[in-house]
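Let's take a walk through this structure together, one stop at a time. Keep the view open beside you as you read.

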Amino acid sequence: MFLKDCWQVAAFAKEVGRKILPRTLAGEAVILYRTTAGTPVAMLDTCPHRFLPLSLGTLSADVIQCGYHGLCFNRHGDCVKIPGQDRIPPTAKVTVFPIVERYGFIWIWLGDASMAHESTVPNFHWMTNPEWVVSEGYHHINAHYQLINDNLLDLSHETFVHPHTIGNHAVAESPLTVSEGEGTVIAHRDIMNCEPPPFYVKVAGFSTRIDRWHTTIFTPPGFLVIENGSVPAGMPKGEAREKGIARERRVLNLITPETETSSHYFWGIARCYDLEDVELTDYIRREVARTFDEDKLVLEAQQSRLGANKITHFPVTLRADAGAVRGRRLIEAMLRGVSADAAE
Ligand code: FES
Ligand SMILES: [Fe+2]
């Protein structure tokens, strides 16, 4: 069961063009394309006639033609042509989803279209804000999206999963504090006076001990902004910022469920220093992709152990799980809200 009355990322904007892009999003088979005027369109990937996926058809001008009996649909999902007959049955219609192009993404609303307001698209301005530079990427993960949320709400795993890039023993040893905002869970960890992990030596230029922090801000169903930074050990953040030696980033994680056992993971690492350094941007992209490959391995192994079984409870819960547990509670409450509304 997925949350549908919310904006979710369907694709990077640059992925959607004049070629039909089929993608399963929160259990719905969808196609994405752009009209000749460049307007993005998202509709159900099912012909209402005999259910052939429309992704097996063709796009010409602004019309999708089904590849079975040739019905043609415009960007509003209306049937505009039936070969061999003039009368178009009113049921010959394809569901079209509200979408918004913003921050370099195509956002889709898979639920009740009357509730879709552009003003509620989650704020990921860093992706396109000229004061930041982003190294971005995508991972397809064969795991339930909440396993990825759990992963990002408890970064103690960096110590064990990412010792070659962003982790060292100090991460898991540092306590986590968790709080809740309006519809969000905030998990914060200060890692004081630690050796800089390998990634920090290379991309932040630190060679002596550092104070480091992570603040993960989670908004359901799968948005996690990690405010992440480091300063020379013992130096107040304000002073390091003034001297231009604080190294601060936003790790932007946008997860859209695909099925009950797979997810789309869009990510970006935004930094506000060395903006012109293209090599650094590429280096961060490669290193973070490698780091997330390590997460993918863990997440897919977890899912493979679970199979199609849903998690009903965790036999062991640790202090470090506090953020992930609250994140799951938030989603459960929202899903119950959806069910309660539907039952009325
Ligand atoms: S199945 Fe699409 S036209 Fe018949
Ligand atoms: Fe990780």
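**A guided walk through the model**

In helix α1, the buried residues are Tyr 145, Gln 146, Leu 147, Ile 148, Asn 149, Asp 150, Asn 151, Leu 152 and Leu 153. That is nine of the nine residues in α1, which spans residues 145-153, so this helix is largely enclosed by the rest of the structure. Please keep in mind along the way that you are looking at a predicted model.

Now move on to the metal. Which residues coordinate the iron ion (ligand 2)? The donors come from His 157 (NE2), His 162 (NE2) and Asp 295, which gives two OD donors, and the distances run from 2.1 to 2.4 Å. Along the chain, these donors follow the spacing H-x4-H-x132-D. His 162 sits in the loop between α2 (158-161) and α3 (169-173), while Asp 295 belongs to helix α6 (residues 278-306), so this pair links distant parts of the chain, 133 residues apart. Both His 162 and Asp 295 are buried.

Why is the arrangement around the iron ion (ligand 2) called irregular? The four donor atoms subtend angles of 57 to 147 degrees, whereas a tetrahedral label would need all angles to lie between 85 and 135 degrees. For orientation, the ideal angle for four tetrahedral donors at a metal is 109.5 degrees.

Next, look at a charged residue in the interior. Glu 258 is part of strand β16 (residues 247-259). Glu 258 is buried yet has no salt bridge, and its nearest side chain of opposite charge, Arg 23, is 6.6 Å away. A salt bridge would need the nitrogen and oxygen within 4 Å, so that distance does not qualify. What Glu 258 does have is a polar contact of 2.7 Å between its side chain and that of His 140. Beyond its neighbours within four places in sequence, Glu 258 is in contact with Thr 24, Leu 25, Ala 26, Gly 27, His 140, Ser 263 and His 264.

Two further buried residues make polar contacts through their side chains. Thr 215 lies in strand β14 (residues 210-219) and has a relative accessible area of 11%, so it counts as buried. The side chain of Thr 215 makes a polar contact of 2.7 Å with the side chain of His 188. His 188 is also among the residues that Thr 215 touches, along with Ile 186, Ala 187, Val 225, Ile 226 and Glu 227, leaving out residues up to four places away in sequence. Asn 228, for its part, is found in strand β15 and is buried at 7% relative accessibility. Its side chain meets that of Tyr 200 in a polar contact of 3.0 Å. Not counting residues up to four places away in sequence, Asn 228 touches Tyr 200, Trp 213, His 214, Arg 247, Glu 248 and Arg 249.

The backbone has some points worth a pause as well. Pro 220 and Pro 221 are joined by a cis peptide bond, with omega at about 0 degrees, and Pro 221 lies in the loop between β14 and β15 (223-232). Ala 61 has a positive phi, near 50 degrees, although this residue is not a glycine. You will find Ala 61 in the loop between β5 (58-60) and β6 (63-65), partly exposed at 49% relative accessibility. Asp 274 also has a positive phi, about 45 degrees, without being a glycine. Asp 274 sits in the loop between β17 (262-271) and α6 and is partly exposed, with a relative accessible area of 39%.

Finally, turn to the salt bridges. How many are there? The count comes to 17. One of them joins the side chains of Glu 28 and Lys 4 at 3.3 Å, N to O. Glu 28 lies in strand β3 (residues 28-34) and Lys 4 in the segment before β1 (7-12), so the pair ties together parts that are 24 residues apart in sequence. Another forms between Asp 62 and Arg 18, with the closest N and O atoms 3.9 Å apart. Here the loop between β5 and β6, with Asp 62, is tied to the loop between β1 and β2 (21-25), with Arg 18, and the two parts are 44 residues apart in sequence.

Notes. Residues are numbered from 1 along each chain as its sequence is written. Chains are lettered from A and ligands numbered from 1 in the order in which they are written. This is a predicted model: local features need pLDDT of at least 70, side-chain atom pairs count only at pLDDT 80 or more; totals for chains, interfaces and linings use all residues. Side-chain values use heavy atoms; hydrogens and water are left out. Donors are N, O and S atoms within 2.8 Å of the metal (3.2 Å for Na, K and Ca); water is not among the atoms, so sites may look incomplete. Four donors count as tetrahedral if all angles lie between 85 and 135 degrees; four count as square planar and six as octahedral if opposite donors are over 155 degrees apart and all others between 65 and 115; anything else is irregular. Helices (H or I, at least four residues) and strands (E, at least two) are DSSP runs, numbered from the N terminus. Buried means under 20% relative accessible area, exposed over 50%, partly exposed in between (1.4 Å probe, protein chains only). Lys and Arg count as positive and Asp and Glu as negative; His and the chain ends are not counted. A polar contact is a pair of N or O atoms within 3.5 Å; within protein, one must be able to donate a hydrogen and the other to accept it, and residues adjacent in sequence count only if both atoms are side-chain atoms. Contact means heavy atoms within 4.5 Å.
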